[in-house]
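Colleague: I should be grateful for a close look at a single part of this model, namely the paired strands, together with an account of how that part sits within the whole chain. Please take the pairing, the turn and the surroundings in order.

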Amino acid sequence: MSGDDRVAIIALDFAHQRRLKIFGHARIVTAEDDPELLAALSDGSYEAVVERAVVVSVEAYDWNCPQHITARFTVAELESALAPLRGELAALRAENARLREQLGEAGR
């Protein structure tokens, strides 16, 4: 199926449960084809040489329903949410140990 330049790109934002679908046509641009474009895509803080780029002419896009996108979280986001639960768990374990100790003393 050579010559078919159609592309579909699905970009997911798990944190906000959003999905963007992009439909278009792609073409590969080399340094020989358009050196100015490739120079514009270069990152001055990185020594790599951009040799080629894929340029997508967007024909359509669609923001999809978030219903079936599973929420994903960073470790930092989870830590802040779990910290109070960890504190409560530690307090309950300490209380459980203290009650077991009291029961043990009462049975002697």
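Modeller: The description below begins with the chain as a whole, turns to the strands, and ends with the second helix.

The model is predicted, and every value given here is computed from it. The chain contains 2 helices and 3 strands, and their order along the sequence is β-β-α-β-α. One helix therefore falls between the second and third strands, and another follows the third, as the run numbering from the N terminus implies.

The strands are joined through two pairings. Strand 1, residues 6-13, runs antiparallel to strand 2, residues 18-30, and 8 bridges link the two. Strand 2 is also paired with strand 3, again in the antiparallel sense, over 12 bridges. Strand 2 thus takes part in both pairings, given that two strands count as paired when at least two bridges are found between them. Phe23 illustrates the arrangement at the level of single residues: Ala8 has Phe23 as its bridge partner in strand 2, while Phe23 in turn has Ala60 as its bridge partner in strand 3.

The connection between strand 1 and strand 2 deserves separate attention. These two strands form a hairpin, with 4 residues between them. Gln17 lies in this loop, and its phi is positive, at about 50°, although Gln17 is not a glycine. Most residues other than glycine have a negative phi. The relative accessibility of Gln17 is 31%, so the residue counts as partly exposed.

On the third strand, Ala53 offers a useful point of reference. Ala53 belongs to strand 3, which spans residues 52-64. Ala53 is classed as buried because its relative accessible area is 10%, under the cut-off of 20%. Leaving aside residues up to four places away in sequence, Ala53 touches Arg27, Ile28, Val29, Leu38 and Leu41. Its C-alpha atom is 17 Å from that of Ile22, and the two residues are 31 positions apart in sequence.

Burial of this kind applies to few positions, for 6% of the 108 residues of the chain count as buried. The accessible surface amounts to about 9,100 Å², and carbon and sulfur atoms contribute 56% of that area. Among contacts with a separation of 6 or more, 55% join residues at least 24 positions apart.

The overall dimensions complete the setting. The radius of gyration is 28 Å, whereas a compact globule of 108 residues would have one near 13 Å. Along the principal axes, the C-alpha atoms fill a box of roughly 90 × 40 × 25 Å. As for charge, the chain carries 12 positive and 18 negative charges, and the mean positions of the two sets lie 14 Å apart.

Helix 2, finally, covers residues 75-106 and includes Leu82. With a relative accessible area of 32%, Leu82 is partly exposed. The C-alpha atoms of Leu82 and Leu38 are separated by 45 Å, the two residues being 44 positions apart along the chain. Leu38 is also one of the residues that Ala53 of strand 3 touches.

Key: Residues numbered from 1 in each chain as written. Predicted model: local features only at pLDDT ≥ 70, side-chain atom pairs only at ≥ 80, totals over all residues. Heavy atoms only, no water. Rg over C-alpha atoms; globule rule 2.2 N^0.38 Å. Buried < 20%, exposed > 50% of the residue type's maximum accessible area, 1.4 Å probe, protein only. Contact = heavy atoms within 4.5 Å. Areas by Shrake-Rupley, 256 points an atom, 1.4 Å probe, with all protein chains shown as cover. Lys, Arg positive; Asp, Glu negative; His and termini not counted. Charge placed at Lys NZ, Arg CZ, Asp CG, Glu CD.
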